[in-house]
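Reader: Please show me the structure first. I will then ask about its strands, a pocket and some charged pairs.

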Amino acid sequence: MDSSHLMDSLNSAQREAVLCTDGPVLILAGAGSGKTRVLTHRVAYLIYQKGIKPWHILAVTFTNKAATEMKDRILKLSRGAGKESWIGTFHSICARILRVEGEKLGYGKNFLIFDRDDQKRFIKNVMEDLNVSEKEFQPEAVLNAISGAKNAFVRPDEYQTIAKAPFEYAVSRVYPLYQRMLKQNNIMDFDDLLVNPLLLFQEYPTILEQYQNRFSYLLVDEFQDTNRTQYIFLKYLAGRNRNLCVVGDDDQSIYRWRGAEIENILNIENDYPDCKIFHLEQNYRSTKNILNLANSIVKNNQLRRDKTLWTEREEGDKVTVLELDDAYAEALNVVGIIKDELMAGSRDFSDFAILYRTNAQSRLLEDALRQAAIPYVIVGGVKFYERKEIKDVLAYLRLTCNPRDTVSFKRVINFPLRGIGDSSVLKLEDFADANSISLLEAAGRADEVTTISSRIRKSILEFFQLISKYASLREQFSAGELAQALVDEIGILRSFKEINTEESFLRAENVRELLLAIVNYTKTNKAATLDAFLEEVTLITDIDNWDDKSNAVTLMTLHSAKGLEFPVVFVTGLEEGLFPLSRTFDNHADLEEERRLFYVGSTRAKEKLFITWAAVRPRYGESFNNLPSRFLKEMDQSFFETRNLRRFNHYRSERASSNPDYSPSYAEIADEYAEIVMGREVKHELFGIGKILRTDGHGENMKITVRFYEAGEKRLVVKYANLEVLY
């Protein structure tokens, strides 16, 4: 293939980056700047112009999807010659090496790889052997600490020397035995796939030299997401030929909570002083307004390399910021805009993406899409009612309603952990079959199942008593009260808090969102029962199955959106405490990562970008007043326009600003005060928050009695009260 023809599709900056093949190279590739194109053309150029054998090229990325795309494009460019290159994720490449060399570390070639669930069960057994209390130190929290140590390439003996707090001392006891037990069982966990090649290279220099000679050219995608262990792996392999090309964007580093170190891309010159740096700043994805707005956001970060993306695309519509009363209005307005765009006739469902900071935000959006008969799909996760923590809570609730529900019984008999294993459940099932009773009834007679140890029989009886208790309370409490009490007694939210990870935080948010959904269901449906709610949830799941995945609105977290693009994007929930998350306020590095996450979300949009914030959003089972996110204040006003859709507080001012002589009609006034009804919560500048007890009259003449939580009972004229309706 003529190399000049290969370069025809590249711009000048991309071409320079492809042609610089020798020595360490850093390619800073901004969002939508064609980094995959540069990587794939670089491989093809090495093969055809430089005469490098394909098997001497190693290309590494982070996801199987990205690796597959890279492989397909390389094969197409190289006309099949690149099929002998090693192309894959860090974990798949390391696993491939260990299948060949693992015996030298004491593993068999057929070693197993544990997934997360396997790890949890395994580490629980190790903790039991060491008498490390699960109540004091949760197995998942211990596992997270061990995983973090491996990502930082901290070995068990090293961890023991740096442990200080009681939790760290507990981990320092578990970590060494956990590793020994894994090896004894010929098992590696996901993190071991990265750590063990480094141990191999350290103990066997000749093997390291063999792989250094084999991989004379290394290419790394998404370099900003590498952790310490992955970076050391690259340094080892590049130690001989030094032909290391890394591609990434520090402004899109959003996985610090998972061990990624942005310092790897910011400080690579420390390890490679002769590193050549290329900037890819021309964006081919977004309009000028979208791109300029994104630039105005991320430039507020201090921990970044100076760069500014630009585009030759049209100016496009200004970014739209929607100010809304609450999360319900947010969902309805997002769906309303989608319907308007669809009615215009130039859009498909698949042109839209709705992004959010936490999974719990998806429920109201899903409800609104479903009610509008708009198909949707969730990327990077599952639908709200299919998430594990939601299914666990629902299984408890189903069992209180239907004691013969064997599926729900088996799901939660050992959740949270009670030490009731599969063998004990099997023995209990045999007893139930022999006596023609349900599993739950058998649990109530666990003392008769003598093949089960007395300790486990006690745990089974306690579980039976728990379910029986809440089954008997169903007629005395509302569905919302019953669910809240059950969740509290089980201790699910407490356990998530103790684990204290990004994942556990989001799972706790999901459970709270479920509890809120049950409360709202009972408020909006007269004589609503728990059985009725569970039936509706089942129907929702069934209806979801008909979604056409090839043409549907996409819902996903901002983290999941990285690497994707859509014509129309909604970034929702721009409120202080939600985005950025409140727990990042006191940590400068975490706050900058939140800002990068906003930048990533904004640059997913090709043609239109909508950003929303809600004055009130239900969280933790209550409605909270919100302040707009600080990120909204950082955006350059030249590139966006604001639509204030808050009906009550701003209804009149919006119209008066455009027409000084404006006088509302009676119908408009009635509509303005439609939210002032008994039972609603309102906020007053002087008296604070309270609940409406009574209303008298209509429209501007309406008077209301409000019991304020701090100021007591007050009677107000609505026209002059300047109230804000909260719920």
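Reader: Over how many bridges do strand 18 and strand 19 pair?

Author: The model is a predicted one. In it, strand 18 covers residues 688-696 and strand 19 covers residues 703-708. D696 has K703 of strand 19 as its bridge partner. The two strands run in the antiparallel sense, and their pairing extends over 6 bridges.

Reader: Which strands stand at the edges of the open sheet, each with a single partner strand?

Author: The sheet is open and holds 5 strands, with antiparallel pairing, in the order 20-19-18-17-21. A strand at the edge has a single partner, so one of its sides is left without a neighbour in the sheet. The edge strands are strand 20 (712-717) and strand 21 (724-725).

Reader: Which helix gives the most residues to the lining of the second largest pocket?

Author: That pocket has a volume of about 2,000 Å³. Its lining consists of 48 residues, and N414, F415, P416, L417 and R418 lie nearest the centre. Elements that give two or more residues to this lining include helix 6 (116-129), helix 7 (139-151) and helix 18 (388-401). The most, 8 residues, come from helix 22.

Reader: How many residues of that lining are charged?

Author: The lining of the second largest pocket divides into three classes. Nonpolar residues number 15 and polar residues 12. The charged residues number 21.

Reader: Is K124, which meets E128 in a salt bridge, buried or exposed?

Author: The side chains of K124 and E128 meet at 2.6 Å, N to O. Both residues lie in helix 6, 4 residues apart, about one turn of the helix. E128 is partly exposed at 40% relative accessibility. For K124 the relative accessible area is 12%, and under 20% counts as buried, so K124 is buried.

Reader: How far apart in sequence are the parts that K150 and D189 tie together?

Author: The side chains of K150 and D189 form a salt bridge of 2.7 Å, N to O. Both residues are buried. K150 lies in helix 7 and D189 in strand 5 (residues 187-189), so the parts they tie together are separated in sequence by 39 residues.

Reader: Which residue forms a salt bridge with K388?

Author: The closest N and O atoms of the pair are 2.7 Å apart. The two residues lie in helix 18, separated by about one helical turn. K388 is partly exposed, with a relative accessible area of 40%. Its partner is buried, with a relative accessible area of 2%, and is D392.

Conventions:
Residues are numbered from 1 along each chain as its sequence is written. This is a predicted model: local features need pLDDT of at least 70, side-chain atom pairs count only at pLDDT 80 or more; totals for chains, interfaces and linings use all residues. Side-chain values use heavy atoms; hydrogens and water are left out. Two strands pair if DSSP finds at least two bridges between them. On a 1 Å grid over the protein atoms alone, a cavity is a set of points where a 1.4 Å probe fits but cannot get out, and a pocket is an open set with protein on both sides within 12 Å along at least five of seven lines; lining residues have an atom within 4 Å of a point. Grid points are joined across faces, edges and corners, and a volume is the space filled by probe spheres set on the points. Ala, Val, Leu, Ile, Met, Phe, Trp, Tyr, Cys and Pro count as nonpolar, Asp, Glu, Lys and Arg as charged, and the others, Gly among them, as polar. A salt bridge is a side-chain nitrogen of Lys or Arg within 4 Å of a carboxyl oxygen of Asp or Glu. Buried means under 20% relative accessible area, exposed over 50%, partly exposed in between (1.4 Å probe, protein chains only).
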